[in-house]
Every structure is written in structure tokens, then in C-alpha cells.
Amino acid sequence: MTLPLGQTRSRVARDHAMIGPDSHVIAALPGWRQTQGVVLISPAMGAGFTQYIAMMGPGSVSAPPQPGVERFVFVRDGAATLALDGKKHALDAQGYAYLPPDAPHEITTDNVASLILFEYRYQAREGVAPPKALVGRAADRKAQPFMGDPDAMLANLLPDEPGYDLAVNLFTFNPGAALPLVEVHVFEHGLYMTRGRGVYRLGDEWFPVEAGDSIWMGPYCPQWFCAIGKAPAQYLYSKNVNRDAMS
Ligand code: UGY
Ligand code: MN
């Protein structure tokens, strides 16, 4: 879709943002070799985390996150290899990995891959066992009806354990299915639309959204989604769970 000159679907507000591919500006990812990226969400807009796309080609190599920062990586397209703990893991489309803070690892590609990454500063809590690295495939995760609705199926990609202060979920809606309430919560979300289309309410604004769009929802940003069209809509999103609200 070509937009009229001077127009964009993207919008950045105090507590939310919708970033469409029409406004992506591609740049080298610092420290990564032969990798271009788009930083979609970052502290520069008021968020507490980063969400970015890494576009890797033959010979690309990742850089580690900053010390104390955990990383979640999801393969949008193509295939990559993750070297972790002396083993190599093949990551293909909708494959993913969680890397706890300071876990040495490297992501490489023989051919091409585009990745969606979330990075959060890990918040250790006394007496809570730290999270472990893991590698998985979204297709292997069993989705559950969200608040009893079989047309809104939620798959948790990370364990629901106190040491994981990050949740990443894949949410699939049949056309016409919607969140059953306008959520208002302390948690912050980064979101990437993987399939389909719908309407997202963010604060007091309604956005038509489709595959390829990214959304930031800050803490307490009122949020609601309804899938529209003839095919299911799906989004990947992150959530800063299991954290002390005073810190
Ligand atoms: O987990 C969540 O808070 C989720 N239901 N929010 C959302 O999809 N915007
Ligand atoms: Mn929510």
C-alpha cells in the first residue's frame, strides 16, 4: 500500500505507539555483524524495554545484550542458528529462544532470517530461583482459550514461574473475536502483529492494524483488540510479569 506523500499510519503518544512498516528506518544494529535492524520500541519513547527487528543475511552474527539484560528472540521469517552452552540449535519460522541476563550465546545465519527481539532489564528477587535459557517452537506450545473464549487462543511461550519476570505469548483470534474487556494494568506490552488484521484500541484511539505492525502499550494504557477480516489475526507480545510494583 502506498500512502499519500506526507502521511503515515504510525503514531507515537505518551503511553502508546503504533509503528507501521511504512515508517521503518533501517540502520545497522550496533555490535551485530552484517545485520540491519529497526528499533520499534525503546526507552527513547518512554518504554521500559526494547523491541526490534534484526534482518540477518549470510554471515550475520548477533551481539550480546547489555549486562543484566534478558533477551527473547522469535524467528519471523527464514532460519537462524543459536549457539548456547556448547550446543547449536536450529531456529526456523516461529522458533524462539529465551536468554537470561549474561548468558553467553550467538545467533548466526547461513542464509537469511528476520527476527523479532524483546530485551528487558532483569529484576532479581531475593529467594527466587533465576530463570533458565530455553529454546522452543510456537507450534509445540498448547494454546488455551483466553478467559473461556475458544475463538481467542493464548499460547504462553515461557514458563509461568516466579523467576521469569518476562512473559511472551502468542495470541490467535478468529475473525470477530475480541478481548473481553478493555484492559488497564500495571504491565507494559510490546507487540508484533504476525498475521491477519484487526482494530486495536490504545488509550482513546482506535487503530486499524495488520501483519507487520508493532505496538507499544505503556503501564495503564487502556487496551482492547478485535480481529477483523476473513482469516485469523495473530500477535506476539511481551509482558513484564512477576515484578515488585514498588521497584
Ligand atoms: O496478557 C495480557 O495482558 C493481554 N491480554 N493483553 C493484550 O492482549 N493487550
Ligand atoms: Mn494486556
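These legends walk through close-up views of a predicted model.

**View 1. A manganese ion and the residues that hold on to it.**
Start with the manganese ion (ligand 2), whose protein donors are Glu 183 (OE), His 185 (NE2), His 189 (NE2) and Gln 223 (OE1). These donors lie 2.1 to 2.3 Å from the ion. Counting its 6 donor atoms, the site is octahedral, with angles of 77 to 174°. To find the donor residues along the chain, look for the spacing E-x1-H-x3-H-x33-Q.

**View 2. How far the donor residues are tucked away.**
Glu 183 has a relative accessible area of 14%, so this residue counts as buried. His 185 comes in at 11% and is buried too. For Gln 223 the figure is 2%, and that again makes a buried residue.

**View 3. Gln 223 and the company around it.**
Here we stay with one donor of the manganese ion (ligand 2), Gln 223. Gln 223 sits in strand S20, which covers residues 223-228. Setting aside neighbours within four places in sequence, Gln 223 is in contact with Leu 179, Leu 181, Val 182, Tyr 200, Arg 201 and Met 217, among others. Its contacts also include Glu 183, His 185 and His 189, and those three are protein donors of the ion as well. For a sense of scale, pick out Asp 204: this residue is 19 residues from Gln 223 along the chain, and their C-alpha atoms are separated by 9.0 Å.

**View 4. The largest pocket.**
About 460 Å³ of space lies in this pocket. Its lining is made up of 24 residues. Those nearest the centre are Thr 50, Tyr 52, Pro 65, Gln 66 and Glu 119. What kinds of residue make up the lining of the largest pocket? The split is 16 nonpolar, 5 polar and 3 charged. Several strands each supply at least two lining residues: S3 (27-28), S4 (33-41), S5 (49-61), S6 (69-78) and S11 (113-121).

**View 5. The second largest pocket.**
Now for the second largest pocket, with about 320 Å³ of space. Of the 25 residues that line this pocket, Asn 156, Ala 167, Asn 169, Tyr 237 and Lys 239 are the closest to its centre. Two or more lining residues come from each of strand S14 (149-156), strand S15 (167-173), strand S16 (189-195) and strand S21 (233-239). By type, the lining divides into 16 nonpolar, 5 polar and 4 charged residues.

**View 6. Ser 60 in strand S5.**
Is Ser 60 buried or exposed? Its relative accessible area is 0%, so Ser 60 is buried. The residue belongs to strand S5, one of the strands that help line the largest pocket. Leaving out residues up to four places away in sequence, Ser 60 touches Arg 33, Gln 34, Thr 35, Ile 107, Thr 108 and Thr 109. Ile 107 is 47 residues away along the chain, yet the two C-alpha atoms are separated by 8.1 Å.

**View 7. Two residues with a positive phi.**
Gln 34, one of the residues Ser 60 touches, is not a glycine but has a positive phi of about 50°. Gln 34 has its place in strand S4 and, at 61% relative accessibility, counts as exposed. Tyr 220 is another residue other than glycine with a positive phi, in this case near 70°. Look for Tyr 220 in the loop between strand S19 (214-217) and S20.

**View 8. Val 75 and Arg 76, side by side in strand S6.**
Both Val 75 and Arg 76 are found in strand S6. At 0% relative accessibility Val 75 is buried, whereas Arg 76, at 27%, is partly exposed. Beyond four places in sequence, Val 75 touches Leu 91, Asp 92, Ala 93, Gln 94, Gly 95, Ser 114 and Leu 115. With the same kind of neighbours left aside, Arg 76 is in contact with Ile 53, Ala 93, Ser 114, Leu 115, Ile 116 and Tyr 192. Ile 53 is 23 residues from Arg 76 in sequence and 8.9 Å away, C-alpha to C-alpha. As for Val 75 and Pro 162, they are 87 residues apart in sequence and 26 Å apart in space, C-alpha to C-alpha.

How values were computed: Residues are numbered from 1 along each chain as its sequence is written. Chains are lettered from A and ligands numbered from 1 in the order in which they are written. This is a predicted model: local features need pLDDT of at least 70, side-chain atom pairs count only at pLDDT 80 or more; totals for chains, interfaces and linings use all residues. Side-chain values use heavy atoms; hydrogens and water are left out. On a 1 Å grid over the protein atoms alone, a cavity is a set of points where a 1.4 Å probe fits but cannot get out, and a pocket is an open set with protein on both sides within 12 Å along at least five of seven lines; lining residues have an atom within 4 Å of a point. Grid points are joined across faces, edges and corners, and a volume is the space filled by probe spheres set on the points. Helices (H or I, at least four residues) and strands (E, at least two) are DSSP runs, numbered from the N terminus. Ala, Val, Leu, Ile, Met, Phe, Trp, Tyr, Cys and Pro count as nonpolar, Asp, Glu, Lys and Arg as charged, and the others, Gly among them, as polar. Donors are N, O and S atoms within 2.8 Å of the metal (3.2 Å for Na, K and Ca); water is not among the atoms, so sites may look incomplete. Four donors count as tetrahedral if all angles lie between 85 and 135 degrees; four count as square planar and six as octahedral if opposite donors are over 155 degrees apart and all others between 65 and 115; anything else is irregular. Buried means under 20% relative accessible area, exposed over 50%, partly exposed in between (1.4 Å probe, protein chains only). Contact means heavy atoms within 4.5 Å.
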